[in-house]
Amino acid sequence: MIVIGAKGFAMQIHDVLYSLNQTEALAFFDDVSTPVKKSFLERYIILHSDSEVKSHFDNSKDYRFVVGIGGTELREKLFKRFTELGAQPFTVISNKAIIGPLHTTIGEGSC
């Protein structure tokens, strides 16, 4: 699985994924930050290009992703970019989340 982003929101998603035992073959994606970092939490690889993403998916056979950045327009852009690469959005819900009972829906790839 790939978490798109490698900063604060990605850290929160990591913590939930960790609590759900969903960190096998986990990688992060960041193609904008400078200086370029090679790892996230000194444990997970950070991918920087579409070719690295494709290679990771092909090697891990895990095509799931979750968008771990803020900003609606950028989130939408990256969601489309990854689905065009053949990736599958993954919904991340903490065991501690409280989901309201009135007309609440959780869309594909939600956090």
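**Close-up views of the predicted model**

**View A. A salt bridge joins Asp31 and Arg81.** At a relative accessibility of 36%, Asp31 falls in the partly exposed class. The model shown here, and in every view that follows, is a predicted one. Its partner in this view, Arg81, is also partly exposed, with a relative accessibility of 24%. The two side chains meet with an N to O distance of 2.9 Å. Asp31 belongs to the loop between β2 and β3 while Arg81 sits in helix α3, so this contact ties together parts of the chain that are 50 residues apart in sequence. Across the whole structure, a search finds four salt bridges.

**View B. Glu76 and Lys80 pair up along helix α3.** Here the salt bridge has an N to O distance of 3.3 Å. Because the two residues are four positions apart in helix α3, about one helical turn separates them. Glu76 is partly exposed at 45% relative accessibility, and Lys80 is partly exposed at 44%. Elsewhere, salt bridges with shared partners connect Asp31, Asp50 and Arg81 in one network, so it is worth looking back at View A, where Asp31 and Arg81 tie together parts that are 50 residues apart.

**View C. Arg64 meets both an acid and an aromatic ring.** On one hand, Arg64 makes a salt bridge with Asp62, and the closest N and O atoms are 2.9 Å apart. Asp62 is buried, having a relative accessible area of 12%. On the other hand, Arg64 lies over the face of Phe90, 4.6 Å from the centre of the ring.

**View D. Phe29 and Phe82 make an edge-to-face pair.** The structure holds six aromatic pairs in total. In the one formed by Phe29 and Phe82, the ring centres are 5.2 Å apart and the planes make an angle of 75°. This pair links distant parts of the chain, with Phe29 in strand β2 and Phe82 in helix α3 (residues 72-84), 53 residues apart. Both Phe29 and Phe82 are buried. Phe57 and Tyr63 offer a further pair to look at: their ring centres are 5.4 Å apart with the planes at 35°, so this pair is tilted. Phe57 is buried, at 1% relative accessibility, whereas Tyr63 is partly exposed at 26%. Widen the view around Phe29 and Phe82 and you will find that they form one aromatic cluster together with Phe65 and Phe79.

**View E. The backbone has a cis peptide bond and residues with positive phi.** Most residues other than glycine have a negative phi, and most peptide bonds are trans. The bond from Thr34 to Pro35, though, is cis, with omega near 0°. Pro35 is in the loop between β2 (27-29) and β3 (39-40). Lys61 has a positive phi of about 60° and lies in the loop between α2 (50-60) and β5 (64-67). The phi of His103 is positive too, near 55°; this residue is in the segment after β6 (88-89). Lys61 is exposed, with a relative accessible area of 61%, and His103 is exposed as well, at 81%.

**View F. Three isoleucines make a nonpolar surface patch.** Ile93, Ile99 and Ile106 together form this patch of about 230 Å². Ile93 is found in the segment after β6 and is partly exposed, with a relative accessible area of 33%.

Notes:
Residues numbered from 1 in each chain as written. Predicted model: local features only at pLDDT ≥ 70, side-chain atom pairs only at ≥ 80, totals over all residues. Heavy atoms only, no water. Buried < 20%, exposed > 50% of the residue type's maximum accessible area, 1.4 Å probe, protein only. Phe/Tyr/Trp six-rings, centres within 6.5 Å; stacked < 30°, edge-to-face > 60°. Lys NZ or Arg CZ within 6 Å of the ring centre and 35° of its normal. Patch = residues over 30% accessible without salt bridge, like charges linked within 9 Å, V, L, I, M, F, W, Y side chains within 5 Å. Areas by Shrake-Rupley, 256 points an atom, 1.4 Å probe, with all protein chains shown as cover.
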